[in-house]
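Trainee: I am new to this one. Can we go through it by question and answer?

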Amino acid sequence: MCSRPRSRTRPGRPRSAEADTAILEATRAALVELGWSRLTMGDVATRAGVAKTTLYRRWNNKNELVVDAVAVLFDQLRLPDLGSLEADIEDVVLQFAALLERPETKTALMAVVAESTRDEPLRARIRASIVDRQKRLVLEGRQRAQERGELPHERDPATVEAVDDLIFDVVAGAVVHRALVSAEPVDHAWARRLTALMLGGLTAAAEL
């Protein structure tokens, strides 16, 4: 009785989540150690223990790879349910600040933002992979606050979108500037002041 031949791996097989994780971790480690200019796809492949062709099947270039390596870090942010919009915002602010304190986040984010100033496709990928994805936190927070009766239910979609964008810009811009530009601590007291400022302006912003 003849034994069946062993199945061979064929091109186009499903992506391996383990390989993707290893590649993105290797990318962040290489950025911290080498910086943007010295980072290469070959170096990442070596660190991750995969062939360079594996990287290029997933990402067209270094820009795309680094953005995705940063994006998965921001996907770790979660909106808590602490009973009030004020407490929820404070917690997210502190989560965000703690994430920016990690060397791999700080280095990777600063690198892609700096590079995007002269690379429009990279800027668009940052918007799609990081900014637009993290706006989910604002959407979840607004919906939860409306269910609690803390915020009114807006009927104008354009107003809702404009206010959501403003909330995201205020939180992200303030925390990034405080942590990475000014290099000042984002502690509980600062998070409370920022939250109070935001909550005080939400009603006014919705009426504009």
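Trainee: Which residues of H9 are buried?

Mentor: Keep in mind that this is a predicted model. Buried here means under 20% relative accessible area. In H9 the residues that meet this are Thr159, Val160, Val163, Asp164, Ile167, Phe168, Val171, Ala172, Val175, Ala179 and Leu180.

Trainee: How many Å does H9 reach from its first C-alpha to its last?

Mentor: H9 covers residues 157-181, which is 25 residues. At 1.5 Å a residue, 36 Å is expected. The computed reach is close to that, at 34 Å.

Trainee: Which residue with a positive phi follows H9?

Mentor: Look just past the helix. The phi there is near 55 degrees. The residue is Ala183.

Trainee: Is H5 roughly parallel or antiparallel to H8?

Mentor: H5 spans residues 85-101 and H8 spans residues 136-148. Their axes come within 10 Å and cross at roughly 165 degrees. Angles over 145 count as roughly antiparallel. So H5 and H8 are roughly antiparallel.

Trainee: Which residues of H8 meet H5?

Mentor: From H5, the partners are Leu85, Asp88 and Val92. The residues of this contact divide into four nonpolar, one polar and three charged. On the H8 side they are Leu137, Gly141, Arg144, Ala145 and Arg148.

Trainee: Is Glu115 buried or exposed?

Mentor: Glu115 lies in helix H6, residues 103-116. Its relative accessible area is 16%. The cut-off for buried is under 20%. Therefore Glu115 is buried.

Trainee: What does Glu115 contact, leaving aside neighbours within four places in sequence?

Mentor: Set those neighbours aside. The contacts of Glu115 are then Trp36, Asn63 and Leu122.

Notes:
Residues numbered from 1 in each chain as written. Predicted model: local features only at pLDDT ≥ 70, side-chain atom pairs only at ≥ 80, totals over all residues. Heavy atoms only, no water. Axes fitted to C-alpha atoms, helices over the stretch in contact; angles between N-to-C directions. Helix = DSSP H or I, 4+ residues; strand = E, 2+ residues; numbered from the N terminus. Parallel < 35°, antiparallel > 145°, perpendicular 65-115°, else oblique. Contact = heavy atoms within 4.5 Å. Nonpolar A, V, L, I, M, F, W, Y, C, P; charged D, E, K, R; others polar. Buried < 20%, exposed > 50% of the residue type's maximum accessible area, 1.4 Å probe, protein only. Expected span 1.5 Å × (residues − 1).
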